[in-house]
Amino acid sequence: MSEVNLGQSYTATDHNNKNYLLPLTAMTTLFFLWGFITVLNDVLIPRLKDVFDLSYTEAMLIQFCFFGAYFIVSLPAGMLVRKIGYRKGVIAGLCIAAVGCCLFYPAALMHAYWLFLGALFILASGITVLQVSANPYVAALGPVETASSRLNLAQALNSLGTTIGPMVGAALFFGTAGALVDEAARADSVKIPYLLIAGALLTIAIVFAFLKLPELHQHHSDENSSEIEKPLINARHLVMGVLAIFCYVGAEVSIGSFLVNYFGETHIAGLEEHQAAKLISYYWGGAMVGRFVGAAVMRHVAPWKVLFFNSVMVISLLLVTINSSGSIAMYSVLAIGLFNSIMFPTIFTLSIEGLGAQTSKGSGWLCLAIVGGAIVPVLQGVIADAANIQISFLIPALCYVFILWFAFNVTKLKQVWEKS
């Protein structure tokens, strides 16, 4: 069911950029917002680990609940958005996320870890609905030829949110001097930030309720098409791409989740939590810078080669941080963000090449693979508890080894699909 707007109606065939400036600006703010919210988990993990005296495995349940929502909610969210339209989908996602944020207040009052986890799941469910609504909408706001440019712009705003988030979270959760020593005060430190976020989400939802957004029709499937489709399971470049997305998101999230505790180790940097939390911005900020550099490089170099090179660099940096100490260990792991930058969009586009009419279905498979952000951090937590936090970085290193393999073989796998 397409959206019906109050006032002037637009269609996706109207390629007047003036028509799309306002909705494109509005939608890109959402990318910033969910980037900001998602990266707050990296600061929330050490806060709740300290408050509830959790093991690393227990603390990583934060990411398990958050990214598990992507796997559970993505398909229902897609059906919801197809039924109610993009604008109402955005409003629904914002409201669901606001409810999750509000639940942090009773969770802090009750001092209940399980309620924090439930609040995170609801918050992530709302963000999932936002992503399902916003990604295809931004791609469709204008000519097909410039769709990737618009998505890159939106992703840059997402990276800006992930860069700013840790600095804001460090100040709000730990205070300017990290002097919250009373347990109740440490638990309460998360209440106000998430209530403020809830207020912002609801305000934006109200704005979207009154926006006149264009109607888009090209994402409706052609149910009358007589084209015979090959089984997607035979598209090995897609199947391996799903595993690569799983590994990438899992590794990226897992590394960010452990940084605060890692930098607190005496042989690494011995930093207080509020100091270490601010450094996470360099990890995510590197990804923002790398996106611009990578976009320029890939105009002249094949994407799979850039992905291969970046995978080699990340594996090398992880081996350095595992086998060193002090500033070398600290800066080598922070530098990973720069080389992470182009991985998600590059894996995504390489995986859906040549799928034709089944591209949207293949994209859905890849979105489900974001569940890697739920599972890999828990696996690293198990190793951190069993051995130590430094050795545990072998888990994301193994993930990047698979991405390296994917980059080297994806062209061959795609050719097999095209010849079948």
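These are legends for a set of close-up views of a predicted model.

**Figure 1. The whole chain is built from helices, with no strands.** The secondary structure comes to 18 helices and zero strands. Of the 420 residues, 54% count as buried. If you take the contacts with a separation of 6 or more, 84% of them join residues 24 or more positions apart. As for confidence, the chain averages a pLDDT of 84, and 85% of the residues score at least 70. Over residues 1-18, though, the pLDDT is below 50, and that stretch has 45 contacts in the model beyond near neighbours in sequence. Residues 218-227 also stay under 50. For them, the model has eight contacts beyond four places in sequence.

**Figure 2. Helix α10 packs against helix α15.** Two packed helices are described by the angle between their axes and the distance between the axes. Here α10 (residues 236-264) and α15 (residues 343-352) meet at an angle of about 165°, and their axes are 9 Å apart. That angle makes the pair roughly antiparallel, since anything over 145 degrees counts that way. The crossing of α10 past α15 is left-handed. From α10, the residues in the contact are His237, Leu238, Gly241, Ala244, Ile245, Tyr248 and Val249. Their partners in α15 are Met343, Phe344, Ile347, Phe348, Leu350 and Ser351. Sorted by class, the contact of α10 with α15 has ten nonpolar residues, three polar ones and no charged ones.

**Figure 3. A close look at Ile245, in helix α10.** Is Ile245 buried or exposed? Its relative accessible area is 0%, so Ile245 counts as buried. Leaving aside neighbours within four places in sequence, Ile245 is in contact with Gly250, Phe344, Ile347, Phe348, Leu366, Ala369 and Ile370. One of these partners, Phe348, is 103 residues away in sequence, yet the C-alpha atoms of Ile245 and Phe348 are 7.4 Å apart in space.

**Figure 4. Ile370 in the loop between α16 and α17.** This loop follows α16 (359-368) and leads to α17. Ile370 has 10% relative accessibility, so Ile370 counts as buried. Which residues does Ile370 touch, not counting those up to four places away in sequence? They are Phe67, Tyr70, Ile245, Val249 and Phe344. Ile370 and Ile245 are 125 residues apart along the chain, but 6.6 Å separates their C-alpha atoms.

**Figure 5. Gln380, a buried residue at 0% relative accessible area.** Gln380 belongs to helix α17 (residues 372-386). Setting aside residues up to four places away in sequence, Gln380 touches Ser254, Ile255 and Phe258, along with Ser392, Phe393, Ile395 and Pro396.

**Figure 6. Helices α12 and α13 pack side by side in opposite senses, roughly antiparallel.** Helix α12 (residues 303-322) and helix α13 (residues 326-334) pack at an angle of about 155°, with 8 Å between their axes. At that angle, α12 is roughly antiparallel to α13. The crossing of α12 past α13 is left-handed. On the α12 side, Leu317, Val320 and Thr321 take part. On the α13 side, the residues they meet are Ile328, Ala329, Ser332 and Val333. The contact of α12 with α13 divides into five nonpolar residues, two polar and no charged.

**Figure 7. What covers the buried residues of α13.** The buried residues in this helix are Gly326, Ala329, Met330, Ser332, Val333 and Leu334. Their cover includes α10, α11 (273-297), α12 and α14 (336-340).

**Figure 8. Asp53 and His111, two loop residues with positive phi.** Most residues other than glycine have a negative phi. Asp53 is not a glycine, yet its phi is positive, at about 55°. Asp53 sits in the loop between α1 (17-52) and α2 (56-59). With 68% relative accessibility, Asp53 counts as exposed. His111 also has a positive phi of about 55° without being a glycine. You'll find His111 in the loop between α5 (104-110) and α6 (113-140). At a relative accessible area of 32%, His111 is partly exposed.

Note on methods: Residues numbered from 1 in each chain as written. Predicted model: local features only at pLDDT ≥ 70, side-chain atom pairs only at ≥ 80, totals over all residues. Heavy atoms only, no water. Axes fitted to C-alpha atoms, helices over the stretch in contact; angles between N-to-C directions. Helix = DSSP H or I, 4+ residues; strand = E, 2+ residues; numbered from the N terminus. Parallel < 35°, antiparallel > 145°, perpendicular 65-115°, else oblique. Left-handed = near helix turned anticlockwise from the far one by under 90°. Contact = heavy atoms within 4.5 Å. Nonpolar A, V, L, I, M, F, W, Y, C, P; charged D, E, K, R; others polar. pLDDT = per-residue confidence, 0-100. Buried < 20%, exposed > 50% of the residue type's maximum accessible area, 1.4 Å probe, protein only.
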